[in-house]
Each structure stands twice: as C-alpha cells, then as structure tokens.
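Biologist: I am new to this structure. Please pick a single part, look at it closely, and then show me how the rest of the chain is arranged around it.

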Amino acid sequence: MYTAALIIDMRDNGGGHPASVAYLVRFFLDSGARVHINDLIWRNRGTSTFRRESFWSSSTPVRYLGRPVYVLVGPRTYSAGEEFAYDLQVLKRATVVSSTTRGGANPGGLNDLGSDLFVVVPTGRAENPITRSNWGGVGVRPDVQAVPEATQETAVALAMRQPVTPLAR
C-alpha cells in the first residue's frame with residue numbers, strides 16, 4: 001500500500017507527556033541517530049538554580065519517510081499536542097495546517113485559591129534545541145492558514161497534489 005501523504009489530526013489534542021512526543025516524532029525522522037527533540041527546564045524549588053530534563057528520539061519499529069506529512073491544529077490544540085506540531089515543523093518534517101494553537105508550552109501545577117477558584121502556575125519552561133524558544137503564549141503558527149471548518153479539506157487538497165511513487169525499502 002502506498003500513500004501520497006499522511007495527515008495527522010491534533011485539533012482536539014489537549015496534551016500529554018514530552019517523552020511520548022519524542023517517540024512519535026521519531027516515526028518521521030530519516031536519521032538512524034538519536035535526535036534531541038525538546039527540553040524542560042525546571043527551577044529548583046527555593047533556589048535560583050535550574051535543572052534540565054532532555055527528551056530524545058528513541059527507536060521505533062517503522063518510519064514514515066519520503067512522503068509529506070500534514071499536521072492539523074487549531075485553537076483547542078494544547079501543550080504536548082502543540083509540541084508535536086512545533087517539533088515536526090521546526091525539523092522541517094511536516095506542514096502545519098489551520099489556525100494558531102492555544103500556546104501552552106510551559107508545564108505547571110494547579111493551585112487551589114479557594115471559593116472554587118484555581119490557577120495554573122508554570123513551574124518550568126519548554127525549550128526546543130533548535131529554536132531555543134517555544135510556543136508559549138503565542139501558539140504554534142501554521143504554515144498553511146485555514147479556517148477551522150476547512151482545515152481537513154485544506155490538508156486533503158495539499159496531499160492530493162503529491163505524486164504517488166513506490167517507497168524505497
């Protein structure tokens with residue numbers, strides 16, 4: 001079975017773990033070598049020092065190479081869902097389609113303020129090893145803009161322009 005392209009829908013993905021993102025990104029990377037995907041930088045509580053937690057690609061049973069990848073995002077895409085799109089975009093391995101995501105890059109914890117009020121306080125920050133930045137507060141900006149209602153149709157139209165050729169084994 002041959003495909004002209006792959007479309008991954010992350011529009012309703014509200015998050016996950018950076019290790020899962022690093023594993024999934026690996027399916028789309030050509031190199032057999034480990035690739036540095038993302039870091040979380042945490043402040044050591046009660047100090048002005050920091051520690052870095054790095055996430056690297058790991059081995060996958062198969063890879064999807066030699067074909068375009070389109071990642072659908074939108075205003076409900078958040079956190080690790082955004083990281084997946086951002087990482088593939090930065091690695092030039094996917095085209096991100098739709099509208100800007102929510103911008104939740106920095107991990108934090110829920111704090112109860114009382115009277116049924118809660119606030120999420122960031123306790124760390126994500127840092128991409130290529131951009132030395134992240135999507136926090138600004139969201140992932142798509143390569144191809146589309147209104148949310150036409151996101152899938154836009155990606156399918158892009159994918160249909162791709163020639164279907166045999167995959168190298």
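**A strand residue and its surroundings**

Modeller: With a relative accessibility of 24%, V144 counts as partly exposed, because this value lies between the limits of under 20% for buried and over 50% for exposed. The model is a predicted one. V144 belongs to strand 9, and strand 9 covers residues 144-145. Beyond its neighbours within four places in sequence, V144 is in contact with T95, V96, V97, S98, T154 and L158. Strand 5 is made of residues 95-98, and helix 3 of residues 151-160.

The sheet comes next. Strand 9 is part of an open sheet of 4 strands, in the order 1-4-5-9 and with parallel pairing. Strand 1 and strand 9 are at the edges of this sheet and have a single partner strand each, so each has one side without a neighbour in the sheet. Further in, strand 4 and strand 5 run parallel and are joined by 4 bridges. V71 has V96 of strand 5 as its bridge partner, and V96 is also among the contacts of V144. In general, side chains along a regular strand alternate between the two faces of the sheet. For a distance within this region, take V144 and D9: they are 135 residues apart in sequence and 14 Å apart in space, from C-alpha to C-alpha.

Now to helix 3. Its residues T151, A155, L158 and A159 are buried. These four lie on the same side of helix 3, because they cover an arc of only 100 degrees around the axis. L158 is also one of the contacts of V144. The cover over the buried residues of helix 3 includes strand 1 (6-9), strand 4 (69-73), strand 5 and strand 9. The exposed residues E153 and M160 are on the face of helix 3 turned away from the buried side.

Elsewhere in the chain, strand 2 (36-43) and strand 3 (50-56) pair in the antiparallel sense, over 7 bridges. In this pairing W42 stands opposite R51 of strand 3. The hairpin of these two strands has 6 residues between them, and G46 there takes a positive phi near 80 degrees. Ahead of strand 2, R34 is in the loop that follows helix 1 (18-26). R34 counts as exposed, at 60% relative accessibility. Not counting residues up to four places away in sequence, R34 touches W56 and S57. R34 and S59 are 25 residues apart in sequence, with 8.1 Å between their C-alpha atoms.

Strand 2 also has a part in the largest pocket, which holds about 290 Å³ of space. Among the 19 residues that line this pocket, S79, G104, A105, N106 and P107 are the closest to its centre. Strand 2, helix 2 (80-90) and strand 7 (117-122) each give two or more residues to the lining. The lining has 10 nonpolar, 8 polar and 1 charged residues.

Last, the whole chain. It has 3 helices and 9 strands, in the sequence pattern β-α-β-β-β-α-β-β-β-β-β-α. Of its 169 residues, 40% count as buried. Among contacts with a separation of 6 or more, 73% are between residues 24 or more positions apart. Along the principal axes, the C-alpha atoms fill a box of roughly 55 × 40 × 25 Å.

Terms used. Residues are numbered from 1 along each chain as its sequence is written. This is a predicted model: local features need pLDDT of at least 70, side-chain atom pairs count only at pLDDT 80 or more; totals for chains, interfaces and linings use all residues. Side-chain values use heavy atoms; hydrogens and water are left out. Buried means under 20% relative accessible area, exposed over 50%, partly exposed in between (1.4 Å probe, protein chains only). The arc is that of the directions from the helix axis to the C-beta atoms. Contact means heavy atoms within 4.5 Å. On a 1 Å grid over the protein atoms alone, a cavity is a set of points where a 1.4 Å probe fits but cannot get out, and a pocket is an open set with protein on both sides within 12 Å along at least five of seven lines; lining residues have an atom within 4 Å of a point. Grid points are joined across faces, edges and corners, and a volume is the space filled by probe spheres set on the points. Ala, Val, Leu, Ile, Met, Phe, Trp, Tyr, Cys and Pro count as nonpolar, Asp, Glu, Lys and Arg as charged, and the others, Gly among them, as polar. Two strands pair if DSSP finds at least two bridges between them.
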